[in-house]
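Trainee: I should like to learn how to read individual features of a model, beginning with charged side chains. May we look at one together?

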Amino acid sequence: MGSKPLSHCLRTAAPGCPVEQSSTCFHSSNCHQVFDPAGQPRAAVPARNRKTLTLIPLILLIVIVQAGIASAIERQPNSDYRTRRQALANQAHDSYVLIFAPPEAEGPNDIYGYRPDDNFYYLTGWTEPGAALLIAGPLEAKGGSPARPYTEILFLPDRNPSQEKWTGPKLGPDNPDAARNTGFDHVESLDSLRSDLAHLLAERSTVYTDVPASGETSNSSARLDWLRQSNAFPVGVSFQDVRPMLSLLRTYKDAREIELIRKATNASIAAQLTAMHAMKPGLTEREISALLQYEWGKRGCERPAYAPIVGAGPNSTVLHYSDDSARIDAGDVVVIDAAGEYSMYASDITRTLPASGTFTPRQREIYNIVLGAQRAAIAAFQSGKSTLLRNTSDSLYKIAFDYIDSHGKDQHGDSLGKYFIHGLSHYVGLNVHDPGDYDLKLGPGAVFTIEPGIYIPEEKLGVRIEDIFYVDTNGKLINLTESLPHSAEDVERTMAGK
């Protein structure tokens, strides 16, 4: 599902796709593939057949297929999500894990559309609102306590015809195919959560959930309050934060996750190239931002991975500038930090362009220092040894900082290190700043950015070059954005259409 429910796309039920036995699609712009019951893609319905289907009275079609909505998200196999649930259950040892999906409420969701919670989606592949997940690892019989098998239950809200008029059909827990479609051992009504907890949990059990820190909000807060009020928990139950364990699991991506990040990146590369070709003085930052979003959107991205940054002139020195409202003038450099999100997975790319098509000597000098710092960090990378931390002997950040601090000067003769004011890298995945364990050495499956920058407000000159990398199974560093121009000369040639 993208930013809005695709209530006009009906297709055969696939894992994570809440539809009951339909093999037809209409409104083809919302329908990418047809799936068989095992979740494998079939050939798309021919255009002539789709056109014929639109002639069938809509009410008859709905009666025939008993359809819910279809997800446009490219979802991984059910087995991938189950493997993650089992890994988390093993980390929790004898405790339970209880996680909630956010509700489909009015407010921001009306404006921006519903987006699933990253952690909930990581464990379930489920894109609909209001669900809950309960998992527990297996236990051997001990003392007077019986053995416990591995347990996983997906709780779904009962269907509400009144709400579905506004938000589209949903998969209900009473659907006989709910377990097969979602890949869970058990699917139950959300109304059963209270009684199941009271039955399954022993006294003084520990429950891992997303416990909010002071000043934070969480998907679990209101629901846990209700469960406490309804006496769902036995005596002495305690709650621990599940997020550190999930951050550890999400540090390293599997091959299918990397492929989704690659697709987000490829769509974003195409958008960045289009911006290079379109760039000229007299445009506004917002025009470039709109162009970027159109280009990655037509390549399958549901939304931006973050608020696009298009900063010209003095705005190029503002790290998270997102107003995108100024005019682009001749002689400006323009920092474009923008990428799309494909099937929930983000990319993150930055390029710095000369608005007039050619860098001035000073702009080229600073650009080349930033590029040199990035290349130095890339050359220093060693799988199983390098880290993203600042203050370690194997820090990639230190390599980049030392390069910047030892090359070039500002207008007062001072070194440039003080103008590199952010970190060099962060993990990328379901979130553009994906959680992960930064104490770990970078190894196979790590996906992260390398993004040095220099920002000199006095000169209205900011330069950032950001690429996204992953470490393959052999420990080699792979640049997913290698095809996008890097050097000042390549940028200029691309902008000139060469």
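Mentor: Let us begin with Arg256. In this predicted model, Arg256 has a relative accessibility of 43% and therefore counts as partly exposed, since that value falls between the 20% and 50% cut-offs.

Trainee: With which side chain does Arg256 meet in a salt bridge?

Mentor: The partner is Asp80, at 3.1 Å from N to O. This pair links distant parts of the chain, as Arg256 belongs to helix α11 (residues 255-278) and Asp80 to helix α3 (residues 78-91), 176 residues apart. Asp80 is buried, at 11% relative accessibility.

Trainee: Where do Arg84 and Asp254 lie?

Mentor: Arg84 is in helix α3, while Asp254 is in the loop between α10 (243-250) and α11, so their pairing ties together parts that are 170 residues apart in sequence. Their side chains form a salt bridge of 3.0 Å, N to O. Arg84 is buried, with a relative accessible area of 6%, whereas Asp254 is partly exposed at 26%.

Trainee: How should one read a salt bridge formed inside a single helix?

Mentor: Consider the sequence separation of the partners. Asp402 and Lys398 are four residues apart in helix α14 (residues 396-405), which means that about one helical turn separates them. The closest N and O atoms of this salt bridge are 2.8 Å apart. Asp402 is partly exposed at 36% relative accessibility, and Lys398 is partly exposed at 42%.

Trainee: Which residues are joined into one network by salt bridges that share partners?

Mentor: That network consists of Arg115, Asp118, Glu302, Arg303 and Glu341. A search of the whole structure finds 34 salt bridges.

Trainee: Let us return to helix α3. Why does the distance between its end C-alpha atoms agree with expectation?

Mentor: The expected span is 1.5 Å times one less than the number of residues. Helix α3 has 14 residues and should therefore span 20 Å, and its end C-alpha atoms are indeed 20 Å apart. The buried residues in α3 include Asn78, Tyr81, Arg85, Leu88 and Ala89.

Trainee: What is to be noted about the backbone just after α3?

Mentor: The general idea concerns the sign of phi. Most residues other than glycine have a negative phi. Just after α3, His93 takes a positive phi of about 55°. Arg204, which is not a glycine, also has a positive phi, of about 60°. Ser343 is a further case, with a positive phi near 50°.

Trainee: Are Arg204 and Ser343 buried or exposed?

Mentor: Arg204 is exposed, with a relative accessible area of 60%, and its place is in the loop between α8 (193-200) and β7. Ser343 is buried at 2% relative accessibility, in the loop between β12 (340-342) and β13 (345-346).

Trainee: In what sense do strands β7 and β8 pair?

Mentor: Strand β7 (residues 206-209) and strand β8 (residues 238-241) pair in the parallel sense, over four bridges. Thr209 has Asp241 in β8 as its bridge partner. From β7 the chain crosses through helix α9 (residues 221-229) to β8, and this β-α-β crossover is right-handed.

Trainee: What can be said of the surroundings of a strand residue such as Asp467?

Mentor: One asks about accessibility, then about partners. Asp467 lies in strand β18 (residues 467-471) and is buried at 0% relative accessibility. The side chain of Asp467 makes a polar contact of 2.7 Å with the side chain of Thr481. Beyond its neighbours within four places in sequence, Asp467 is in contact with several residues, including Asp348, Arg351, Gln374, Phe448 and His486.

Trainee: How does Thr167 read under the same approach?

Mentor: Thr167 lies in helix α6 (residues 161-167) and is partly exposed, with a relative accessible area of 22%. The side chain of Thr167 makes a polar contact with the side chain of Lys170 at 3.1 Å. Thr167 and Glu104 are 63 residues apart in sequence, with their C-alpha atoms 8.5 Å apart in space.

Trainee: Finally, how many helices and strands does the protein chain have?

Mentor: The chain has 15 helices and 19 strands. Of its 498 residues, 53% are buried. Among contacts between residues at least 6 apart in sequence, 70% join residues at least 24 apart.

Technical notes. Residues numbered from 1 in each chain as written. Predicted model: local features only at pLDDT ≥ 70, side-chain atom pairs only at ≥ 80, totals over all residues. Heavy atoms only, no water. Salt bridge = Lys/Arg side-chain N within 4 Å of Asp/Glu carboxyl O. Helix = DSSP H or I, 4+ residues; strand = E, 2+ residues; numbered from the N terminus. Buried < 20%, exposed > 50% of the residue type's maximum accessible area, 1.4 Å probe, protein only. Pairing = 2+ DSSP bridges. Right-handed = clockwise from strand over helix to strand, strands pointing away. Polar contact = N/O pair within 3.5 Å; in protein donor to acceptor, adjacent residues only side chain to side chain. Contact = heavy atoms within 4.5 Å.
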